[in-house]
Amino acid sequence: MDQAAGSTPDARSLPVCYRHPDRETGIRCTRCERPICPECMVSASVGFQCPECVRAGSGTGHTPAATRPRTVAGGTLTADPRLATKILIGVNLAVFLVQLSVGDRFTNRFLLLGGHTYAPYLTGPQGIADGQYYRLLTAMFLHSGYIHILFNMVSLWWIGGPLEAALGRARYLALYFVSGLAGSALTYLLAAPNQPSLGASGAIYGLFAATAVLMRRLNYDLRPVIALLVINLIITFGVPHIAWQAHVGGLVAGAVTGYAMVHAPRRNRALVQYGACAVVLAVVVVLTLVRTAQLT
């Protein structure tokens with residue numbers, strides 16, 4: 001029901017960010033107490049501050065780097081907080097256009113194959129077990145059709161954009177690629193050697209998991225995210241020809257890495273965050289080597 005002019009606002013509604021009136025938030029600056037959204041949050045010794053209060057405190061004896069506005073994960077605020085997401089979408093679309101132009105010769109060369117498989121248009125055995133480890137990465141940028149890429153790119157824009165703004169560009173990209181590689185590694189480990197797999201879904205599921213971790217950190221309502229996750233998992237396991245291994249691998253890696261990103265202590269924060277990424281990558285390497293040993 002629309003609220004009449006001059007009536008009392010709903011006491012349960014959240015305030016909106018003073019810099020982004022279209023975004024509700026339950027977090028306030030610890031200095032000026034104005035409501036701030038994840039994009040405007042700057043980590044402080046206690047709670048979060050808004051960018052203006054951080055700049056105003058630059059004369060307190062701290063170095064400029066110490067008072068530079070930061071994201072909730074400690075990343076640097078940028079003029080375009082969604083630039084990396086735009087670039088990723090652009091790369092995926094560009095690769096899809098190449099797929100349409102060149103055809104299966106290109107797709108079969110770069111999709112995920114376990115090994116010892118003879119793919120059409122290619123000579124000799126193909127697959128990761130045959131030394132083509134690049135397939136773990138390149139498969140993340142391939143798609144099987146218009147619906148596949150449309151669904152993934154809409155999801156990437158919807159989930160990735162806000163998450164990039166909250167984490168910062170470098171941490172966001174690290175999360176994306178770690179999640180995607182984890183999904184590829186689990187697919188390689190569990191799927192049949194001749195079962196092809198492709199798509200950005202593993203990376204996107206990692207962003208999905210990290211978004212849930214971030215929302216829990218900010219005390220947001222998790223019910224919409226949980227409902228969306230349940231729906232996606234039902235589709236993952238209920239619809240045939242979906243590489244559920246990539247979804248699960250990306251989801252787990254995203255949850256682990258995302259937790260490290262938003263819960264790392266202020267001291268040695270970058271070390272903890274990128275250390276977690278290194279640990280997940282180490283697991284990816286181990287899974288890859290184990291499966292390669294099984295197939296050779």
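In the predicted model, Asn 108 is in contact with Ala 119, Pro 120, Tyr 121, Leu 122 and Arg 135, its neighbours within four places in sequence being left aside. Asn 108 belongs to helix 4, which comprises residues 104–110. The side chain of Asn 108 reaches the backbone oxygen of Pro 120 at a distance of 3.2 Å; Pro 120 is thus both a contact residue of Asn 108 and the residue whose backbone oxygen is approached by the Asn 108 side chain. Because its relative accessibility is 11%, Asn 108 counts as buried, the limit for that class being under 20%.

The chain in which this residue lies contains 11 helices and 2 strands. Read from the N terminus, the order of the elements is β-β-α-α-α-α-α-α-α-α-α-α-α, with the two strands preceding the helices. The C-alpha trace spans about 70 × 50 × 30 Å along its principal axes. Of the 296 residues of the chain, 47% count as buried. When contacts between residues at least 6 apart in sequence are considered, 63% of them join residues at least 24 apart.

A second asparagine, Asn 92, is located in helix 3, which covers residues 83–102. The relative accessible area of Asn 92 is 0%, and this residue is therefore buried. A polar atom of the Asn 92 side chain lies 2.8 Å from the backbone oxygen of Leu 88. With neighbours within four places in sequence left aside, the contacts of Asn 92 are Met 140, Phe 141, His 143, Ile 149, Met 153, Tyr 176 and Ala 200. Val 91 is also placed in helix 3. With a relative accessible area of 34%, Val 91 is partly exposed, since that class lies between the limits of 20% and 50%. Val 91 and Leu 142 are 51 residues apart along the chain, and their C-alpha atoms are separated by 10.0 Å.

Helix 3 packs with helix 7 at an angle of about 40°, the two axes being 9 Å apart. At this angle helix 3 is oblique to helix 7, because angles under 35 degrees count as roughly parallel and those from 65 to 115 as roughly perpendicular. On the side of helix 3, the contact is made by Leu 83, Ala 84, Thr 85, Leu 88 and Asn 92. Helix 7 contributes Arg 169, Tyr 172, Leu 173, Tyr 176 and Phe 177. The residues of this contact divide into 7 nonpolar, 2 polar and 1 charged. Asn 92 and Tyr 176, which both take part in the packing of these helices, are also in contact with each other. Leu 88, likewise a residue of the helix 3 contact, is the residue whose backbone oxygen is approached by the Asn 92 side chain.

Helix 7, formed by residues 169–190, also packs with helix 11; their axes come within 9 Å and cross at roughly 20°. This makes helix 7 roughly parallel to helix 11, because the angle falls under 35 degrees. The crossing of helix 7 and helix 11 is left-handed. The residues of the contact of helix 7 with helix 11 divide into 17 nonpolar, 3 polar and 2 charged.

Backbone geometry is noteworthy at two positions. Most residues other than glycine have a negative phi. Glu 33, however, has a phi near 65°, a positive value in a residue other than glycine. Glu 33 is located in the segment before strand 1, which consists of residues 42–43. The relative accessible area of Glu 33 is 57%, and this residue is therefore exposed, as the limit for exposure is over 50%. Asn 268 likewise has a positive phi, near 60°, and is a residue other than glycine. Asn 268 lies in the loop between helix 10 (244–263) and helix 11 (269–295).

Pro 224 is found in helix 9, which covers residues 223–238. Because its relative accessibility is 53%, Pro 224 counts as exposed. Pro 224 and Gly 145 are 79 residues apart along the chain, and a distance of 28 Å separates their C-alpha atoms.

Technical notes
Residues numbered from 1 in each chain as written. Predicted model: local features only at pLDDT ≥ 70, side-chain atom pairs only at ≥ 80, totals over all residues. Heavy atoms only, no water. Helix = DSSP H or I, 4+ residues; strand = E, 2+ residues; numbered from the N terminus. Buried < 20%, exposed > 50% of the residue type's maximum accessible area, 1.4 Å probe, protein only. Polar contact = N/O pair within 3.5 Å; in protein donor to acceptor, adjacent residues only side chain to side chain. Contact = heavy atoms within 4.5 Å. Axes fitted to C-alpha atoms, helices over the stretch in contact; angles between N-to-C directions. Parallel < 35°, antiparallel > 145°, perpendicular 65-115°, else oblique. Left-handed = near helix turned anticlockwise from the far one by under 90°. Nonpolar A, V, L, I, M, F, W, Y, C, P; charged D, E, K, R; others polar.
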